[in-house]
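Student: I'm new to this one and would like a close look at a single part. Could you take me through the salt bridges, and then show me what surrounds them?

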Amino acid sequence: MDIAEIDDEGRGKLFFGNAEVLNCVKVKGQKDIFELTVKIVLQHKSQSLPLAGQFYLLKSLPSSVQLDRPISVYSYKYEELSSGKRELELHFLILQKGQGTQELCSLRTGDTVEAIGPLGNAFVPPSKIEKGKRICIIGGGIGVAPVACFASSLANASYDFYASFKSLSYGLENINPASLIITSDDGSVGTKGMLPIVFNKESIKDKNYSTIYACGPIPMLSYVQQVAKECNIECYLSMENRMACGVGACLGCTIRTTEGVKRVCKDGPIFNANILDFSPFTAHKKVQALKSEQDVNLSVDIAGIHFENPVIAASGTFGFGQNYRGLFDVNALGGIASKGCTLEAREGNSGLRIVETPSGNINSIGLQNPGLKAFIKEELPEMLKLKPVIIANLAGSDLDSYIEGARLLDKSDVPMIELNISCPNVKSGGQAWGIKSSLAEQCVKAVRSATSKPLIIKLSPNSPELIQVALSCIEAGADALSLINTIQAVSIDIERGGPAFDNIRAGLCGPAIKPIALRMVYDVVEAINKLPIEKRVPVIGIGGIATWQDAAEFIMAGAHAIQVGSATFSNPLAMLNIIDGLRSFMCSHGYESLEQMRGIAQR
């Protein structure tokens, strides 16, 4: 049972509040390492000062991320104020690698940071060191920060310090070791290579180390653990893991040990190396990067149609391909799905149409469109002048309107049709056809008989039998499936005390739905893979895709291509960024084609 960190008066010993940014600068010679300095005021003397190895949860204010980021203390100093309070100056070294750390690394003097801490346990030096022995401290990359903080608290020349970097060095200003041994991958400082070149069983056998302390990337820590065990040296390693609360309550940051599951935030982050099990961390495959991004082939074929890349502008978010031409070259896209078109023109829904939500929006457009005849005559010719594959999104209210619409499109020059049986924003038709497998099969079979063009069926996430709907569509003649459409949601206008939308229910989209969409794509691909090879069809993933990382997840889940929708509203260049990011990722991870990474996450 955890004992609450409170003083005799019931006050918390941890700090939780806002910290003022004093400075945030890029570390010299590094492109993605920053030193952040903040000031906090401790309100009472029982509030804890940080110890070497502890960390704070930090988040910039305002922020687009939900969770604070755990950042180890690099150095600190404090001053007693006349009021009895203490002013604490904290220094952090931060590796910019995701949205949360990017926000922290973009802070300026005077900005505000949310801070919680100090958290976790601390490095504890041996109570007694035998004569002639020294401490060994090892830091790898950004992991140099907490061990440098520890080293600065020790007596000068009482330890050796090993530091390994990709290029150049940093974070070593405050240490005074007996011996400083540096390696760098590119040879820009110290010995060229990685830690094993200078730290191994043979090289340290005469060093008489009493204890080893280390922090760095998992492969390095696993190696240090092995050497320490072979040399019978006591060893303590600082671990990290994704976390939410930071105080041991949520159990989200646990790691496996020989003593059972341990919490990194509360039981760690520093553990005796003897109890750590690194097998879950090191089970991923090793990759060999390609020589050039030119070696990456992003093209994909879907139902006999060739796409130069897998990024398609989603229906309903890109108009008819012309709206964004003033912002970027839309010809770089793999495909463009038209606004959903019905047989007759529609004015769409009345009343409010969009409500912003955390990480997305709820919309109730209602398939406003000029009608299929006007689309074919006026919009389609201009769309076909563009390089991306053009996909006509066909919606309807009843079976006859779907059939007649398919016949009109069949006579046109559009290369593909996406059959929309999933729109939640219309009172008739729409998702009604995609909720039950029997109705979906009936609709697809009827449309299939009306056109010979490749037919993509856009599925609804609101169906309680999604897998069966998908399989029924395939059986009825679908050439491909796309999913998901928006998720049915409700918004309340608290000023009026009623539903925000005239139709009450509307469609939720944006990053908030990505994990749900990814799960559904994963499940549908899993079901399709159980079919005979000749019956399998490609899947196009849709739903909250905003980054190349999102796209990579969908492809690894089994998607042949992806559609990007509302992300374009917040970042008009989102699709271009996804294309470039995918290409760079595939190059660095040795994937020559999408085929090599498609579906590798399926189990």
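**Salt bridges and their surroundings**

Tutor: Let's start in helix 13, which covers residues 574–588: D580 and R583 both sit in it, 3 residues apart, or about one turn of the helix. Keep in mind that this is a predicted model. The side chains of D580 and R583 meet in a salt bridge, with 3.6 Å from N to O. That counts because the rule asks for a Lys or Arg side-chain nitrogen within 4 Å of a carboxyl oxygen of Asp or Glu. How covered are the two partners? D580 has 44% relative accessibility, so it counts as partly exposed. R583 has a relative accessible area of 25%, so it is partly exposed as well. Elsewhere, salt bridges that share partners tie E20, K39 and E87 into one network. By this rule the count comes to 19 salt bridges.

Now hop over to helix 8, residues 437–450, where you'll find K445 and E441, 4 residues apart, about one turn of the helix. Their side chains form a salt bridge too, at 3.8 Å from N to O. K445 is partly exposed, at 48% relative accessibility. E441 is also partly exposed, at 25%. To read those values, you need the cut-offs: buried is under 20% relative accessible area, exposed is over 50%, and partly exposed is in between.

One further pair is R496 and D493, whose side chains meet in a salt bridge at 3.2 Å, N to O. Here R496 counts as exposed because its relative accessibility is 56%, whereas D493, at 25%, counts as partly exposed. Have a look at the residues with nearby numbers, too. I492 belongs to strand 28, which spans residues 492–493. Together with V490, I494 and I504, I492 makes a nonpolar patch on the surface, and the four have about 390 Å² of accessible area together.

Back to that network of E20, K39 and E87. The strands to look at are strand 1 (residues 15–26) and strand 2, which run antiparallel and are joined by 6 bridges. V21, for instance, stands opposite V38 in strand 2. Strand 1 and strand 2 form a hairpin with 6 residues between them, and G29 in the turn has a positive phi of about 85°. Strand 2 has a partner in strand 6 (residues 86–95) as well: the two run antiparallel, with 10 bridges between them. One of the pairings is L42 with R86 in strand 6. Strand 2 itself, residues 33–42, is mostly covered, with 7 of its 10 residues buried. As a general point, side chains in a regular strand alternate between the two faces of the sheet.

Finally, what lies inside? The largest nonpolar core has 105 residues, and L419, I421, I457, L459, C473, L481 and L483 have the most contacts inside it. Our starting point comes back here: helix 13 gives this core its largest share, 9 residues. Apart from that core lies another, of 49 residues, including F34, V38, L42 and Y74. You've already met two of those names: V38 stands opposite V21, and L42 has R86 as its bridge partner. As for helix 13, keep both views of it in mind: the helix holds D580 and R583 about one turn apart, and it supplies 9 residues to the largest core.

Technical notes
Residues are numbered from 1 along each chain as its sequence is written. This is a predicted model: local features need pLDDT of at least 70, side-chain atom pairs count only at pLDDT 80 or more; totals for chains, interfaces and linings use all residues. Side-chain values use heavy atoms; hydrogens and water are left out. Patches are made of residues with over 30% relative accessible area and no salt bridge: like charges are joined within 9 Å, nonpolar side chains (Val, Leu, Ile, Met, Phe, Trp, Tyr) within 5 Å. Accessible areas come from the Shrake-Rupley method with a 1.4 Å probe; for residues, only the protein chains shown count as cover. Buried means under 20% relative accessible area, exposed over 50%, partly exposed in between (1.4 Å probe, protein chains only). Two strands pair if DSSP finds at least two bridges between them. A nonpolar core is a set of buried Ala, Val, Leu, Ile, Met, Phe, Trp, Tyr and Cys residues joined through side-chain atoms within 4.5 Å.
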